[in-house]
Amino acid sequence: MKKWRLFPRSLRQLVLMAFLLVLLPLLVLAWQAWESLSALSNQAADINRNTLTDVRRSEAMARTALELERSYRQYCVLDDPMLANLTIRCWRTFIRLNEPNMPACWKSRRRRCPTIG
C-alpha cells in the first residue's frame, strides 16, 4: 500500500497539488458569491413587487381623493343626504387604502369618519 507523502516526488505532483490548493478557496468563494447574488436577486424581486403595489395603491388613492372632493363639493352645494353617504364612503375607502402607510399609533386608535353637516 502506498503511503501519501507530504512532499511530492515530482514536479507534476507539485504543480497538481498547488493547483488544487489554489482551486479549493476559489470554488468556495464562487459558491458564496452565487449564494449572495441569489439572495440579492430575491430581494430585488421583493422590492419590485412592493413598489408595484405601492404605485397601484397611490393611483387608487388619487382617484378616491378626487371622488371624495367632488362628492363633498356636490354635498355642500346640494345638501343631499345621499351625497353625504357617498362622501363618507369615499372617506372610508381612502382611509382603508392609506392604512398600510399609517403610523402604528394611528392604527391603534379607532379613527372615526368626520361628520358632515
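Helices α1 and α2 run roughly antiparallel to each other in this predicted model. Two packed helices are described by the angle between their axes and the distance between the axes, so let's take those values in turn. For α1, spanning residues 11-78, and α2, spanning residues 81-98, the angle is about 160° and the axes lie 8 Å apart. Anything over 145 degrees counts as roughly antiparallel, and that is why α1 and α2 get the label. As for handedness, α1 and α2 cross in the left-handed sense.

Which residues of α1 and α2 make the contact? On the α1 side you'll find R57, A60, M61, T64, A65, E67, L68, S71, Y72, Q74, Y75 and L78. Facing them from α2 are L83, A84, L86, T87, C90, W91, T93, F94, L97 and N98. Sort the residues of this contact by character and you get 14 nonpolar, six polar and two charged.

Let's pick out R57, one of the α1 residues in that contact. Is R57 buried or exposed? Its relative accessibility is 17%, and since buried means under 20%, R57 counts as buried. Setting aside neighbours within four places in sequence, R57 touches L97, P100 and N101. Of these, L97 also appears on the α2 side of the helix contact.

N101 comes up again with another α1 residue, D54. This aspartate sits in helix α1, and 47 residues along the chain separate D54 from N101, yet their C-alpha atoms are 9.6 Å apart. D54 counts as partly exposed, because its relative accessibility is 41%, which falls between the 20% and 50% cut-offs.

Now for the turn from one helix to the next. D79 is in the loop between α1 and α2. What is worth a look here is the backbone: phi of D79 is near 55°, a positive value in a residue that isn't glycine. D79 is also exposed, with a relative accessible area of 54%, given that exposed means over 50%.

Stepping back to the whole chain, the secondary structure adds up to three helices and zero strands, and reading along the sequence gives the pattern α-α-α. How much of the chain is buried? Of its 117 residues, 13% count as buried, with R57 being one of the residues under the cut-off. The accessible surface of the chain is about 10,500 Å², and carbon and sulfur atoms contribute 62% of that. Finally, consider how far along the sequence the contacts reach: taking those between residues at least 6 apart in sequence, 43% join residues at least 24 apart. The contact between R57 and N101 is one place to look for such a pairing in the structure.

Definitions and conventions: Residues numbered from 1 in each chain as written. Predicted model: local features only at pLDDT ≥ 70, side-chain atom pairs only at ≥ 80, totals over all residues. Heavy atoms only, no water. Axes fitted to C-alpha atoms, helices over the stretch in contact; angles between N-to-C directions. Helix = DSSP H or I, 4+ residues; strand = E, 2+ residues; numbered from the N terminus. Parallel < 35°, antiparallel > 145°, perpendicular 65-115°, else oblique. Left-handed = near helix turned anticlockwise from the far one by under 90°. Contact = heavy atoms within 4.5 Å. Nonpolar A, V, L, I, M, F, W, Y, C, P; charged D, E, K, R; others polar. Buried < 20%, exposed > 50% of the residue type's maximum accessible area, 1.4 Å probe, protein only. Areas by Shrake-Rupley, 256 points an atom, 1.4 Å probe, with all protein chains shown as cover.
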